[in-house]
Amino acid sequence: MKKPNNVRIPLIRFFGIALSIILSLFLLVTWLTFSRLVNFETVLKNFSEQALPTIVLSGELYNEASQLLQFTDLLANANSDAAKRLAEQELNTYIRKIKSLSSKKLDDSFLDKQLEIINLELLEFSDLIWQRADINKKLAAKRQNMYTLFTHAFDLIQQSPRKPSYSDSEESWISQLSRLMLITDQAINAKRMQEVRGLFARVKQQVMSIQITDTKHANTIEQQNIIRTIKHTIFASDGLEHLVISHLKLTGRVKGRENFMRHLIEDFSRLLEITTNETKTNIFKQVALSVEDTENQINTIGGIILMAIILMFIILFFIQNRILKRLQNVNLMVQNKIKGQEGRNVITGNDEITDLADAFNKFADTIEIQKEKLELMSLTDGLTKIANRRALDIRLQHDIELSVRQKFSVAVLLIDIDFFKLYNDNYGHSAGDECLKSIAQIISNALQRESDFVARYGGEEFVCVLPNTDLPGALERVQHIFESIQSQNLAHEYSSIDKRVTISMGVAISTPQQVLMPEAILKQADVALYMAKHAGKNTYKVYSSNM
Amino acid sequence: MPKLSTLLFLMGTFLAATNCLADDQQVQIIFAANMQNIANSDQGNYSRLSSLLNQQRQIQENNSIFVFGGGSLGPSPMAGFDRGSHIVDILNSLEPDLMTVRKREFSYYEDELSLRSDEAAFPLVASNIIDPLTSGNIEGLYNNVIINKNGHKVGFLSILEEELVQEYLLNRVKVFESQTIVEGQAKKLRRQGADFVVMVFSKKHAFYKELLDSGLINIAIRARSDRDNANLNTLTHPNIFSITDDDRALLLNITWSASKPDDPTVTSQEVLLNEYPEDPLVSMQINEYNHRLDRLLNQTIGQLNVPIDTSRELVRTQENAFANFVTDTLREYYQADVAFINGGSIRGNKKYIANTILTRRDIATELPYRNRVTRASATGEQIRQALEHGVSEVELIRGRFLHVSGLSYSFSSTQPSGNRVTNIKINGMPIDLNKRYLVATDDYLANGGDGFDSLSNKLDSTSSNTALPLISDIVILNIQKLGKIAPLIESRVVRLD
């Protein structure tokens, strides 16, 4: 029965909600997991596409930079042309390597710029070294030249074996030349600029003094020329003095530049290392954060999954309860109904299942009504399979009417089984039913004529209608019935008159002189039966007006 | 032949007379110094100095001695890269007779100075230092030098002050400034035949007057130094000469008169270098260096949204916005409780207007020393001691003045040294003298530079493999990260008098 206060929750909505919840949970978990995965993928991607290559690149650059230092050293110390060329070659190779590495972009404009600058500086440094080499060469050549000139100058005075010693002028020439050579040598080897200048000033003085002596001693043209050449060699614009000074400056400059290069490359390496360390630290921090994040998310997701599972169980439990159990109940109810058992199960709730139950009940009720209607409409007694009361009424009516037309008598026998209640109570209802069926069959068999009719009148009552039968004829039939039942010997322990099933009978006749309507004749038969029961049962009585 | 020899004799005498007789003998000393930043036009200009030298050398017929007073090998942005090689290279073009070594020459420590002496085509002189490694002078340097000019031997001494070791954090070299030492060096020169002794010095000693009066030292030239700002260091004597400003040179004319050959007189003349034209060759050299420096340092790193001033006197006596930025950066680097830097590290001496675009060069000019970041652990008491030391000689405008981050303090210079600091607060709370704080600073201070002993409990071993960045590195990185900076003065240091 529907409880009127129950809110109606259609199954569709119920299932809808349940499925929505399940689906949402599923989507939530999926989305969480997916988003975590995507996040992690991003971190990994970033790591592998940017940070890792940067770190690797930095490492390579760092390596190359330290190689650069070595080669700068090599270049600065290369003393021969060949060594210089070799060093330069190595340097150029390395610069190319570094350039190719740095073109992969450290994503740091300063460091990239630094590489460019280092490259430029190295080229300029290399230039300087060539310049120094150049000056060195020229200086060496000039010195050689100078010594050749001096040798030649000394040779101008040849000591002949015949002369015991040099003349005054010759001696003056030799000593002055020697002094000149000495001072020139000092000047060439001096390391301090002003000292060099001072020495070369003395050289100039010495030359001038020789030139004065030249005129004094009327030296030869060759002697004068050689002095002039020597002077030119030393003091020309590309002369010895200039070369010595330039050499000093350039040497200092190269040393300074080499130190500078070294520091530049060291600085670069250091900055590289710092940037790399920072990137490393950042990456590690990022990864650690991500790992922590992921761990948290895993815990969250785990929790949510657990919750989802619990929720699913709850939903299943609900489904079990609200649907399956109730369906079971409905099934049980239907089964019971089919078995014919009464008793209505209460189906709780307010939805399609209750609708189903209600519908079924309605159908069952309808069937009951139909059955009753059917039964009502049928003419056969369901149990004994002989005619039922309805059939009797029709037949009796018909036979009475026929008896009026055809002017014959109709005999009606009202039979009642003795002590049937006791039989039922003690032997059971099924046995009772069997007894009824047997009696019905016996009575039916006892009537011989086609037109004779037997019907079940009530629970344990039967009525026979014998048309065209007068009293003697009827009594003959009655006797036959009694004998048949007797001979059947249906056991009845609980009958107080006989250990067999017996009957009592009431007879009534409708004659053409005294036609009795069906109700009247049945009434008479009933009275007669009553008398028979009172006469001690297992007998019959015919109706008479003084009963 | 007698005729010839007589002629010769006459000629010789004549020559001698023309050389030695005439009137007096003169030797000129040209003195210039303190030109460390070739890009700074406020200082003297090597190019113009070169013109001066060319002129004087011609006038004096090469009887001039060019003494470069030093104080120039550092610090400067270029020197940050080449430790002063470029100055030596430029000086080579000017052909000094000698250079007297002053404090700043030690900006990059002893060995770099030795390397510079190798590159120099002139002697570097430092008379009162000992390197234990050589048991003598630093490799490449001379104790003294005698220059022969015009028949005279002029000897030169360069006396350094003891504070050098502490201020420049030198681990090896020892400086001796006593009268005995100075006298000894002067006597050595005399023994070597010097008839005129010149001493170049920075810090005054009363006994100098004695030495000058006795004639052991003929003249003394004071090369200006950091101590001059307070004007508490002047020593007056007729034979003490000095240049009054950085853009000048000193011309000292020494005259030996014929009548008094043993008592030379000295006249001095100070000239403005700006009055001389530029020497194209030297200018070219300087421009090349500047160009290379530009190449290295011209990258823009950010914008300065407020005006700041890093003048020397300001950074050494009061709170400074730029210094605040540096200390904040330092503190952030180590996530420390406090950070320190000394005013002497900030060398720009420059005023910046608002919205200046900052380049690496600016930072390299402000922070040219190659000091690295360091962290140390210090108790509140040690921090207090450090602060006291920082203001102990604030009236002398010393470089030890401390700039801070994460802390604030007040001081009064009227109180005695050692008792000037009050109201120290760390992160807003009064300082706990017993608590240990994490201090971020540079290796100069942590190693005891400028006399800071109390910050020496370093937390990273010096042999660790990872390279520690320079202060300038992290400042540059920070400005790059922030893009725009607007540091302010925020009452971190309150002067009460």
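A residue counts as buried here if 20 or more other C-beta atoms lie within 10 Å of its own. Keep that in mind for the whole tour, and remember that you are looking at a predicted model.

**Stop 1: the two chains**

Start by colouring by chain. Select chain B: of its 497 residues, 49% count as buried. Switch on the cartoon and you can pick out 15 helices and 27 strands in chain B. If you take the contacts in chain B between residues at least 6 apart in sequence, 77% of them join residues at least 24 apart.

Now select chain A. Its secondary structure comes to 13 helices and five strands. Of the 547 residues in chain A, 28% are buried. For contacts in chain A with a separation of 6 or more, residues 24 or more positions apart account for 70%.

**Stop 2: where the chains touch**

Show both chains and look at the contact between them. Chain B puts in 26 residues and chain A 24 residues. On the chain B side, highlight helix H3 (77-82), helix H4 (85-94), helix H5 (109-119) and helix H9 (280-297), the elements that each give two or more residues. Which of them has the largest share of that side? It is H4(B), with six residues. Colour the chain B side by class and you get ten nonpolar, seven polar and nine charged residues.

**Stop 3: a helix pair across the contact**

Stay with H4(B) and add helix H7 (residues 240-339) of chain A. The two helices pack at an angle of about 170 degrees, and their axes are 9 Å apart. Angles over 145 degrees count as roughly antiparallel, so that is how H7(A) runs relative to H4(B).

Turn on side chains for the residues that make this contact:

- From H7(A), pick A:Lys249, A:Gly252, A:Arg253, A:Gly256, A:Asn259 and A:Phe260.
- From H4(B), pick B:Ser85, B:His86, B:Val88, B:Asp89, B:Asn92 and B:Ser93.

By class, this helix-to-helix contact has two nonpolar, seven polar and three charged residues.

**Stop 4: a helix with a buried side**

Next, go to helix H13 (residues 518-534) of chain A. This helix has 17 residues and reaches 24 Å from first C-alpha to last, close to the 24 Å expected at 1.5 Å a residue. Select its buried residues: A:Pro518, A:Ile521, A:Leu522, A:Gln524, A:Ala525, A:Ala528, A:Leu529 and A:Ala532. Why do they sit on the same side of H13(A)? Because they cover an arc of only 155 degrees around the axis.

To see what covers those buried residues, show helix H9 (389-406), strand S1 (410-417), strand S4 (503-510) and strand S5 (540-542) of chain A, which are among the covering elements. Then rotate to the face turned away from the buried side, where you will find the exposed residues A:Glu519 and A:His534. After H13(A), click on A:Gly536, which has a positive phi, near 115 degrees.

**Stop 5: one residue in chain B**

Finish at B:Thr379, in strand S20 (residues 373-379) of chain B. Is this residue buried or partly exposed? B:Thr379 has 17 C-beta neighbours inside 10 Å, so it counts as partly exposed.

Set aside the neighbours of B:Thr379 within four places in sequence, and the residues in contact with it are B:Leu433, B:Asn434, B:Lys435 and B:Arg436. For a last distance check, pick the C-alpha atoms of B:Thr379 and B:Tyr437: these residues are 58 apart along the chain, yet the atoms are separated by 5.9 Å.

Terms used:
Residues are numbered from 1 along each chain as its sequence is written. Chains are lettered from A and ligands numbered from 1 in the order in which they are written. This is a predicted model: local features need pLDDT of at least 70, side-chain atom pairs count only at pLDDT 80 or more; totals for chains, interfaces and linings use all residues. Two residues are in contact if their C-beta atoms, placed from the backbone, lie within 7 Å. Helices (H or I, at least four residues) and strands (E, at least two) are DSSP runs, numbered from the N terminus. Ala, Val, Leu, Ile, Met, Phe, Trp, Tyr, Cys and Pro count as nonpolar, Asp, Glu, Lys and Arg as charged, and the others, Gly among them, as polar. The expected span of a helix is 1.5 Å times one less than its number of residues. A residue is buried if 20 or more other C-beta atoms lie within 10 Å of its own, exposed if 12 or fewer, and partly exposed in between; C-beta atoms are placed from the backbone. The arc is that of the directions from the helix axis to the C-beta atoms. Axes are lines fitted to C-alpha atoms, for helices over the stretch in contact, and angles run from 0 to 180 degrees between N-to-C directions. Angles under 35 degrees count as roughly parallel, over 145 as roughly antiparallel, 65 to 115 as roughly perpendicular and the rest as oblique.
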